[in-house]
Amino acid sequence: MNEQELIILKKKTKYFFENKILVHIRKHNGYFHNGLILELEGDLFILDDEKSGAIPIYYLEILEIEKKEEKKC
């Protein structure tokens, strides 16, 4: 991830955090997380993961972050 991509990722994360938007995160290692961002820190943020609870996620681990799609009934 280059510096420009990191800046964009941090801006998206800040937007989701400030607007309390549920997110879907795909990581470089193939794992994914769904939840609400609780706190922003320097190189990481705290995510309230739907399955694991509060976990730290480093920006460099992230392949993609987007708004979580709502499940259709």
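What span should the 16 residues of helix α1 have at 1.5 Å a residue? Select residues 3–18: the expected span is 22 Å, and the end C-alpha atoms lie 22 Å apart, which agrees. The expected value is 1.5 Å times one less than the number of residues. Helices (H or I, at least four residues) and strands (E, at least two) are DSSP runs, numbered from the N terminus.

The model is predicted: local features need pLDDT of at least 70 and side-chain atom pairs count only at pLDDT 80 or more, while totals for chains, interfaces and linings use all residues. Residues are numbered from 1 along each chain as its sequence is written, and side-chain values use heavy atoms, without hydrogens and water.

Next, select L9, T13 and F16, which are buried in α1 (under 20% relative accessible area; exposed is over 50%, partly exposed in between; 1.4 Å probe, protein chains only). They cover an arc of only 60° around the axis, which puts them on the same side of α1; the arc is that of the directions from the helix axis to the C-beta atoms. Now display β1 (23–27), β2 (32–40), β3 (44–49) and β5 (62–67), which are included in what covers these buried residues. On the face turned away from the buried side, select the exposed E3, K11 and E18.

Move then to N2, in the segment before α1. N2 is partly exposed, with a relative accessible area of 42%. A side-chain oxygen of N2 comes within 3.0 Å of the backbone nitrogen of Q4, and the side chain of N2 reaches the backbone nitrogen of E5 at 2.8 Å.

Finally, select K20, just after α1, where phi is positive at about 50°.

Methods:
Contact means heavy atoms within 4.5 Å. A polar contact is a pair of N or O atoms within 3.5 Å; within protein, one must be able to donate a hydrogen and the other to accept it, and residues adjacent in sequence count only if both atoms are side-chain atoms.
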